Amino acid sequence: MTALELRASLGLAGIYALRMLGMFLILPVFALYAETLRGADNHTLIGIALGSYGLVQALLQLPLGMLSDKVGRKKIIYGGLLLFAAGSFIAASADNIMLLTVGRIIQGSGAISAVITALLADLTREEVRTRAMAIIGMSIGTTFAVSLVLGPLLAKYIGVNGIFVLTGVLSLLALLGVWRIIPDPVHSSFHSDTGTNTARLPAVLRNRELQRLNFGIFALHAAQMAMFVTIPFALTSTGGLDKSQHWQVYLPVVVAGFFLMVPAIIYGEKKAKLKQVFVAAIALMTTAQIGMALALSSFWMIVLWLGLYFVAFNILEATLPSLISKIAPADAKGTAIGVYNTSQSFGLFAGAVAGGWLYSHHGALGVFAFTSVLMLAWLLLSLTMTPPKAVKSQMFHIGEHWQGDADALSRQLASQRGVSEVVVVLDERVAYLKVSQQDWDEAAVKQLIQATY
């Protein structure tokens, strides 16, 4: 990476992490806080308030990403950050559940995730873009883990309304970061690896393997939100913990989940056993949900099942994007990721609302019965998935003045050792390849690409 590419990658990862911070930081304390507000005696309304952020994200992130192709990336990012800040300040001032929901909706309307990845594509070369996206991925995972621990601690010292104020202030500071740190792209254009191509949507939506993964990310985050409508109350009632002490539970289970996730991912990728690792993680997740349904009266059993939950959750969060990349058509990766992210956001909303309603009418047992059935359905779907090929994505820039035969170049590239799929898109001046993770003729491929300069 050049210095400019690294600066862009780290800066945009920070902004992306801020978006996740707005969702994750309040997650472990939101339900307990919302219950104290006027009109929040109905837990369904708490679930709606929590999940409304995800609904608006689901509806707006793809349209705003496509709009940024026309009006410019930074304009949309500035607007999104301002909306996020405004929603945060409204949520901070809320004394009733309806105003809190309005604040969450406005927060979610600043749906700039797709725009950030599009800007990252504008600012990085094809050959290093995968690494740049990995930096953003790591920032999301880190933000989630830190937020579960930091949320209860911040709630103790500044309150949940103080957390909303903090995220609003950070969002305004991020405006300065976009202006001063993030470089301006020489030009913005559509990139198949990050953007949503409406022409490729039908093929992506019809793909059975992608459908399984989209249901999976929906189910994973629906279960997560339903759990966090319930778990804070369970920790308080069974363990006698004040909400400011909940970090003492989350810290060890999150850390253990992270360290146990790493060898599983390495084994799955290196040994081409990703399906086996993936299915095993779903099975573990299903077991954890059933275990929590049966152990809600025991504090230490809840902690045990939470630990297993986070092991499974971390594995699935890491493997799902990898599977999307392996399965999606080479020239529709961005479209597939866009549908996947939208499914995730819908899951956040559906899980929070279902969790709130079920908790109101059937208690915690009803919530975990729902999450258990959801995970079991996903497990059954995953058993029949086709094992993904042991491939990885590669992108190469085509010379600006090259006017050769794109089909001929595709055939030449496809004939090289270890290359399983090639799409040359002259409008983007890019060759998208899927190559073997273990052995591919990188030198020969680069030689063919160099001939286009």
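In the predicted model, Val425 stands opposite Val430 of strand E3. Val425 belongs to strand E2, which covers residues 419–425. Strands E2 and E3 pair in the antiparallel sense, and 6 bridges are found over this pairing. Another contact of the pair involves Val419, whose bridge partner in E3 is Val435. The two strands form a hairpin, with 4 residues between them. In the turn of this hairpin, Arg429 has a positive phi of about 55 degrees.

Strand E3 is also joined to strand E1, which comprises residues 391–397. This pairing is likewise antiparallel, and 7 bridges link the two strands. At one position, His397 has Val430 of E3 as its bridge partner. Val430 therefore takes part in contacts with both neighbouring strands, as the partner of His397 and as the residue opposite Val425.Strand E3 itself covers residues 430–436. Residues count as buried when their relative accessible area is under 20%. By this criterion, 7 of the 7 residues of E3 are buried, so the strand is largely enclosed by the rest of the structure.

The strands were next considered together with the internal space of the model. The structure holds 1 cavity of 30 Å³ or more, and the volume of the largest cavity is about 70 Å³. Strands E1 and E3 each supply at least two residues of its lining. Among the lining residues are Ser393, Gln394 and Met395, together with Tyr432, Leu433 and Lys434. The lining also includes Asp193, Ser325, Ala328, Pro329, Ala330 and Lys333. By residue type, the lining of the largest cavity divides into 6 nonpolar, 3 polar and 3 charged residues.

A further part of the chain is described by a database record. An unreviewed UniProt entry places the feature "domain: Major facilitator superfamily (MFS) profile" at residues 8–390. In the model, this span is 81% helix and 0% strand. The C-alpha atoms at the two ends of the span lie 30 Å apart.

Terms used: Residues are numbered from 1 along each chain as its sequence is written. This is a predicted model: local features need pLDDT of at least 70, side-chain atom pairs count only at pLDDT 80 or more; totals for chains, interfaces and linings use all residues. Side-chain values use heavy atoms; hydrogens and water are left out. Buried means under 20% relative accessible area, exposed over 50%, partly exposed in between (1.4 Å probe, protein chains only). Two strands pair if DSSP finds at least two bridges between them. UniProt positions are given in the numbering used here, feature names are shortened, and annotations may be inferred rather than shown by experiment. On a 1 Å grid over the protein atoms alone, a cavity is a set of points where a 1.4 Å probe fits but cannot get out, and a pocket is an open set with protein on both sides within 12 Å along at least five of seven lines; lining residues have an atom within 4 Å of a point. Grid points are joined across faces, edges and corners, and a volume is the space filled by probe spheres set on the points. Ala, Val, Leu, Ile, Met, Phe, Trp, Tyr, Cys and Pro count as nonpolar, Asp, Glu, Lys and Arg as charged, and the others, Gly among them, as polar.
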